[in-house]
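Hi,

Here is the structure I promised to pass on. Have a look at it first, and then read my notes below.

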Amino acid sequence: MPVGKRIYLKRNLPDPALVRAFEEIPASNVADTMERSCAMHPRIRLMSSPKKQMTAGPALTVKSRAGDNLLIHKAMGLAQEGDVLIVANEEESRRSLIGEVMLAYMFEVKKIAAIVLDGPIRDIDAVAHLPYPIYATGTTPGGPYKEGPGEINVPVACGGISVHPGDIVLCDPDGVIVIPRLDAPEVLKAAQAFKLKDEANLAAHRAGTVDRSWIDRTLDAKGFEILDEVYPE
């Protein structure tokens, strides 16, 4: 089996109901319950105008050679409705990986949920208005190679975060987070509780009734000194 030229056709997939439940929770709330260690680098940002606030789906992973989209084309054919296509690109930024034509096929024919690329796209004049979640690092008119090597449905690193095939990917206007498939039930329960607490905290801040005494307690515990005087010159 040639490492670097492997295409796995099968994935372990999460419960669809579990995936849908994550679409009710902001990515920031979920990330906070995972010790804030699951968010992709902000270089990967929203490039389109999706109708939904939050989108979740199981990861279909692609490990591409820098600036090459041959394996992305293959993944397009393998994609199932509701998948989130995750593309690792060795953090290359000089060649676009995808444009309007490929995106039209993936979203309108294959009906994927979202696409996340650790690399640029092109045709931004059209992409910016598409009602689908499209995340990339930027734009360039320079096109990709179609040579390989690459792999599909293997663990990848995208935006500095490990992604395994079948992990749950949650996207919203803030960015993209990854929830390991086996941890997802526990994370969902914690995130639902966190969301309720966060909503109550927001209401208290708006009403001016929040208790912020924790700030001075924390500063004191860390040895800060508060001086009721002007800085000496």
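Let me start with a salt bridge: Glu 151 pairs with Lys 63, and their closest N and O atoms are 3.8 Å apart. Glu 151 sits in strand 6 (residues 150–152) and Lys 63 in strand 2, so this pair ties together parts that are 88 residues apart in sequence. The two ends differ in cover: Glu 151 is buried, at a relative accessible area of 3%, whereas Lys 63 is partly exposed at 34%. Keep in mind throughout that this is a predicted model.

Two other salt bridges caught my eye. The side chains of Arg 11 and Asp 83 meet at 2.9 Å, N to O. That pair, too, links distant parts of the chain: Arg 11 is in the segment before helix 1 (16–22), and Asp 83 is in the loop between helix 3 (70–78) and strand 3 (84–88), 72 residues apart. Are these two buried or exposed? Arg 11 has a relative accessible area of 14%, under the 20% cut-off, so Arg 11 is buried. Asp 83 is buried as well, at 3% relative accessibility.

The other one is between Glu 92 and Arg 94, with 2.9 Å between the closest N and O atoms. Here Glu 92 is buried, at 15% relative accessible area, but Arg 94 is exposed, at 66%. As for networks, salt bridges that share partners join Arg 6, Lys 63 and Glu 151 into one. The count of salt bridges comes to 8.

Next, Pro 58, which lies in strand 2 (residues 55–64). With a relative accessibility of 13%, Pro 58 counts as buried. What does Pro 58 touch, leaving aside its neighbours within four places in sequence? The contacts are Arg 11, Leu 13, Pro 14, Gly 82, Asp 83, Val 84, Gly 166 and Asp 167. You will recognise Arg 11 and Asp 83 in that list, the two partners of the salt bridge above. Pro 58 is also 8.8 Å from Pro 16, C-alpha to C-alpha, although 42 residues separate them in sequence.

Now some backbone details to look at. The peptide bond from Gly 148 to Pro 149 is cis, with omega near 0°. Pro 149 belongs to the loop between strand 5 (134–136) and strand 6, and strand 6 is where Glu 151 sits.

Glu 35 is not a glycine, yet its phi is positive, at about 60°. Its place is in the loop between helix 2 (27–33) and strand 1 (45–46), and at 69% relative accessible area Glu 35 is exposed. Asp 123 is another non-glycine residue with a positive phi, about 65° in this case. Asp 123 is in the loop between strand 4 (114–117) and helix 5 (124–127) and is partly exposed, at 32% relative accessibility. Gly 223, which follows helix 7, has a positive phi too, near 85°.

Asp 123 turns up again on the surface: together with Glu 100, Glu 108 and Asp 125, Asp 123 forms a negative patch. Within that patch, Glu 108 comes from helix 4 (residues 100–109) and is partly exposed, with a relative accessible area of 44%.

How many of the 8 residues of helix 7 (residues 214–221) are buried? The number is 0, so helix 7 lies largely in the open.

Finally, the overall picture. The protein chain has 7 helices and 10 strands, and its C-alpha trace spans about 65 × 50 × 40 Å along the principal axes. Of its 233 residues, 45% are buried. Among contacts between residues at least 6 apart in sequence, 77% join residues at least 24 apart. The chain exposes about 13,100 Å², and carbon and sulfur atoms supply 52% of that. On the charge side, there are 27 positive and 32 negative charges, and their mean positions are 9 Å apart.

Best wishes

Methods: Residues numbered from 1 in each chain as written. Predicted model: local features only at pLDDT ≥ 70, side-chain atom pairs only at ≥ 80, totals over all residues. Heavy atoms only, no water. Helix = DSSP H or I, 4+ residues; strand = E, 2+ residues; numbered from the N terminus. Buried < 20%, exposed > 50% of the residue type's maximum accessible area, 1.4 Å probe, protein only. Contact = heavy atoms within 4.5 Å. Patch = residues over 30% accessible without salt bridge, like charges linked within 9 Å, V, L, I, M, F, W, Y side chains within 5 Å. Areas by Shrake-Rupley, 256 points an atom, 1.4 Å probe, with all protein chains shown as cover. Salt bridge = Lys/Arg side-chain N within 4 Å of Asp/Glu carboxyl O. Lys, Arg positive; Asp, Glu negative; His and termini not counted. Charge placed at Lys NZ, Arg CZ, Asp CG, Glu CD.
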